[in-house]
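Q: Please take a close look at one helix in this model and at how it fits in with its surroundings. I would enjoy a connected account, with the cut-offs spelled out as you go.

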Amino acid sequence: MINNSQKSLRALTMLAAALVVFAALPGRTANAVDTKPLYERLGGYDGISAVVDEFADSLFADKRINEFFIGMSDDTRAQFKQKNKNLLCNATGGPCKVISRPAKEAHHGLGITAGDFEVVAGHLKDVLNKDKVGPKEQEEVFAIILGLRSQIVDRPDETRLSRDAVAKP
């Protein structure tokens, strides 16, 4: 049986997964032909893989949200990264199959705050900037992310009552 702490861990994992879907290739700019899928303009699977690894590692280390990743083995963290690589690949027009649940299903009732969402989005922005992803690609990435916000955030305020708190409808 899965306890509430495990559910919360999985929920934030899925939040991160949903956000990672929209990362981009390090070192690339917006000079690619705009008619190509975002997947290609971002450098394909190798670029996506590098960004997902960097993004996930930054989430694991952030003291504001790392409580959601406590107890994850190296193997579980590797699975988390692989799911995110597949999500990003698929969402940007690549050939990968999504191997995780939809964002709304994965996050429903777990009390994820607007602040939690912003922390994860901030990590993605930092990775994209660090890796010199072009402004057009970043704009496309964040347009998609903001579209997921309502499927992920249960508590629009900034206060997480506890990791196990569930928002009331």
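A: **Helix H7 and its surroundings**

Glu-137, Gln-138, Val-141, Phe-142, Ile-145, Leu-148 and Ile-152 are the buried residues of H7, where buried means under 20% relative accessible area, exposed over 50% and partly exposed in between, with a 1.4 Å probe and protein chains only. This is a predicted model, in which local features need pLDDT of at least 70, side-chain atom pairs count only at pLDDT 80 or more, and totals for chains, interfaces and linings use all residues. Residues are numbered from 1 along each chain as its sequence is written, and side-chain values use heavy atoms, with hydrogens and water left out.

H7 runs over residues 135-152 and has 18 residues. From its first C-alpha to its last it reaches 25 Å, close to the 26 Å expected at 1.5 Å a residue; the expected span is 1.5 Å times one less than the number of residues. An α-helix has 3.6 residues a turn, so residues three or four places apart point the same way.

Now for the partner of H7. The axes of H6 and H7 come within 11 Å and cross at roughly 165°. These axes are lines fitted to C-alpha atoms, for helices over the stretch in contact, and the angles run from 0 to 180 degrees between N-to-C directions. H6 and H7 are therefore roughly antiparallel, since angles under 35 degrees count as roughly parallel, over 145 as roughly antiparallel, 65 to 115 as roughly perpendicular and the rest as oblique. Their crossing is right-handed, meaning that the near helix is turned clockwise from the far one by less than a right angle, with anticlockwise giving left-handed. On the H7 side, Gln-138, Val-141, Phe-142, Ile-145, Arg-149 and Ile-152 make the contact, that is, heavy atoms within 4.5 Å. H6 brings Ala-114, Phe-117, Glu-118, Ala-121, Leu-124, Lys-125, Leu-128 and Asn-129 to it.

H6 also packs against H3 (residues 44-61), at an angle of about 135° and with the axes 10 Å apart. H3 and H6 are therefore oblique to each other. That contact uses Val-51, Glu-54, Phe-55, Ser-58 and Leu-59 of H3, with Val-120, His-123, Leu-124, Val-127 and Lys-130 of H6. H3 passes H6 in a right-handed crossing. The span of H3 agrees with expectation, because its 18 residues should cover 26 Å and its end C-alpha atoms are 26 Å apart. Among the buried residues of H3 are Val-51, Phe-55 and Leu-59.

One residue of H6 deserves a pause. His-123 is buried, with a relative accessible area of 12%. Beyond its neighbours within four places in sequence, His-123 is in contact with Phe-55, Ser-58, Leu-59, Asp-62 and Arg-64.

Stepping back, the protein chain has seven helices and zero strands; helices (H or I, at least four residues) and strands (E, at least two) are DSSP runs, numbered from the N terminus. Of its 169 residues, 48% count as buried. Among contacts between residues at least 6 apart in sequence, 79% join residues at least 24 apart.

Finally, the structure holds one disulfide, a pair of cysteine sulfur atoms within 2.5 Å. Cys-89 and Cys-96 form it, with their sulfur atoms 2.4 Å apart. The torsion about their S-S bond is about 80°, so this disulfide is right-handed. Cys-89 is buried at 0% relative accessibility, and Cys-96 is buried at 16%.
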